[in-house]
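Biologist: I am new to this kind of model and would like to learn how to read its interior. Could we go through it together, one feature at a time?

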Amino acid sequence: MVLDSVRKAASIIRTVEQEIVNINDVEDINCVQKYIPVVIHYFSNGGAFVAEKMNEMMRDIVTRRIDKKISPNDVEDFKIIHERLKTKGFEILDSCPAYMKYNVYMEVIDRSVKLLPLRAVLKTFIFFSHAYKRIMSCVCNRDKVEVLFWKNMLENDLCQRQVYVYSANDSVTDPEMVKEMIDARRERGFDVTALKFEDSEHVLHFKMYPDEYKEKIVDYVLKTICA
């Protein structure tokens, strides 16, 4: 998933850059690169897991710990996206990250699975899976999965700019923990913008407040491009 996304994004950037060069009749493509930001917009922990994996792959490529399965062309695509994210890019985190407590798993299943038998099966699976991971963490003396995920999100260095969209009424993503993440990221020197709603539910902020949502994101895009 990450590799396909990077390939598509790099292809789009190359196409747009070439079109700008052709329209403006300039010879040096480097003079138009700075106008094309890369925006990563993801929802809930599903999107956050992908961003976490992307950050890991970016670090490996930058430090030349490259997987043999990744071709030289893919490496170049990653470098293009990495450069844009560092200079003009930013992330939009909608309803995430959510600290992966046991009750959060149960809440997600209750909200998303309507069939009671299937819900029971999933809850049983999560119960044993969660117990197994906690036992292995203790036996191997390593961070629990939820702790490691939170640490990775805190130390994420995909880009310097982030927009956190969250709500006081979100029963899955704890707004207090998102606020703690925002404060911690700011202390680390990242440019963080917060868009907090009061009554929208998990990943439904755009549905309830489309105008305010779009206005904030568009303003941030323009601010980033013109910076």
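**Reading the interior**

Modeller: Keeping in mind that this is a predicted model, let us begin with one residue: leaving aside residues up to four places away in sequence, Leu 158 touches Ile 40, Ala 51, Met 54, Asn 55, Met 58, Leu 85, Lys 86 and Glu 91.

Biologist: Which residues have the most contacts inside the largest nonpolar core?

Modeller: The general idea is that in soluble globular proteins nonpolar side chains tend to be buried together. Here the largest nonpolar core has 36 residues, and those with the most contacts inside it are Tyr 42, Ile 81, Leu 85 and Leu 158. At least two residues of this core come from each of α1, β1, α3, α4, α7, β3 and α8, with α3 giving the largest share, 6 residues. Another core, of 9 residues, lies apart from it and includes Ile 92, Val 165, Phe 197 and Tyr 213.

Biologist: Which residues form the covered face of β1, and which the uncovered one?

Modeller: In β1 the covered face consists of Ile 40 and Tyr 42, whereas Val 39, His 41 and Phe 43 make up the uncovered one. β1 also pairs with β2, residues 90-94, in the parallel sense over 5 bridges, and Val 39 has Phe 90 of β2 as its bridge partner.

Biologist: How many disulfides are found, and why do Cys 96 and Cys 159 count as buried?

Modeller: A search of the whole structure gives 0 disulfides. Cys 96 counts as buried because its relative accessibility is 1%, and Cys 159 is buried because its relative accessible area is 0%, the cut-off for buried being under 20%.

Technical notes. Residues numbered from 1 in each chain as written. Predicted model: local features only at pLDDT ≥ 70, side-chain atom pairs only at ≥ 80, totals over all residues. Heavy atoms only, no water. Disulfide = S-S within 2.5 Å. Buried < 20%, exposed > 50% of the residue type's maximum accessible area, 1.4 Å probe, protein only. Core = buried A, V, L, I, M, F, W, Y, C linked by side-chain atoms within 4.5 Å. Helix = DSSP H or I, 4+ residues; strand = E, 2+ residues; numbered from the N terminus. Contact = heavy atoms within 4.5 Å. Pairing = 2+ DSSP bridges.
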